[in-house]
Amino acid sequence: SISSSAASESDAEELQKEQHARSVLRERFLRCLLAATNKKVRFHMHENVNVEATFRTSDIDVLNFQVSDLHTPIGVQKEALIRCQDVISFTFDM
Amino acid sequence: MQCNWLLSGPLHWFRFVDKQVRVKAGKDEEHLGWLLTVDPVSASVVLLNFREDAALVHVVVGHSVKNVEVLQEPDPEMTERLRSFFLPLTTPILDP
């Protein structure tokens, strides 16, 4: 059996590994969001809805995307928030 | 490969970084690409597809990811290309 001190040591090591992975992944993602800023983005949403807009930003927990010039089937919305829950994926060119 | 992508955790997601993957999402969608990262907050997957002089970035939002499968390991050149893809070309100077 593992003594409690050895267990807590390996837990600490595991936690450190996890935190490192988390920071690398998050930095890459934030740089990706930064790169998307002011670009034309195509959102693929539920029920096979596809809309285009200019990407502005997202909130820190990625619950909403702020966009401009959202092209909807009934017209262009100058500024809009898109709920992340309604989105399946989005694409842009670099 | 996993039934709950959202709860997999950073160490699991990290295994897919820089690899060419197939992501199943939504009802019956499939996306292929080089996996740049997985946002540890929303579990969203960022895929890159390189073309001649441009790249297509595909972000699959975490809640719609059903499955991720590795297709190919990267060579060192691809790893470097992915690592530096979104990095700024110049380092900002922070001195006053």
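Biologist: Which residues line the second largest pocket?

Modeller: The general idea comes first: rolling a water-sized probe over the atoms reveals where empty space remains. Here the model is predicted, with local features needing pLDDT of at least 70, side-chain atom pairs 80 or more, and totals for chains, interfaces and linings using all residues. Side-chain values use heavy atoms, without hydrogens or water, residues are numbered from 1 along each chain as written, and chains are lettered from A and ligands numbered from 1 in written order. From chain A, the lining has Asp61(A), Val62(A), Leu63(A), Arg83(A), Cys84(A) and Gln85(A); chain B gives Leu6(B), Val41(B), Ser42(B), Val61(B), Gly62(B) and His63(B). (A pocket is an open set of points on a 1 Å grid over the protein atoms alone where a 1.4 Å probe fits, with protein on both sides within 12 Å along at least five of seven lines; lining residues have an atom within 4 Å of a point.)

Biologist: How much space lies in the largest pocket?

Modeller: About 190 Å³, against about 150 Å³ in the second largest. The largest pocket is lined from both chains, with His44(A), Ile88(A), Gly26(B) and Glu29(B) among its residues.

Biologist: And strands: how many bridges pair β3(B) with β4(B)?

Modeller: In a regular strand, side chains alternate between the sheet's two faces. In this model, β3(B) and β4(B) (residues 55-60) pair antiparallel over six bridges, and their hairpin has four residues between the strands. Strand β2(B) (residues 29-38) joins β3(B) (residues 45-50), also antiparallel, through four bridges. Leu48(B) stands opposite Trp34(B) and also opposite Val57(B) in β4(B). (Strands are DSSP E runs of at least two residues, numbered from the N terminus; pairing needs at least two bridges.)

Conventions:
Grid points are joined across faces, edges and corners, and a volume is the space filled by probe spheres set on the points.
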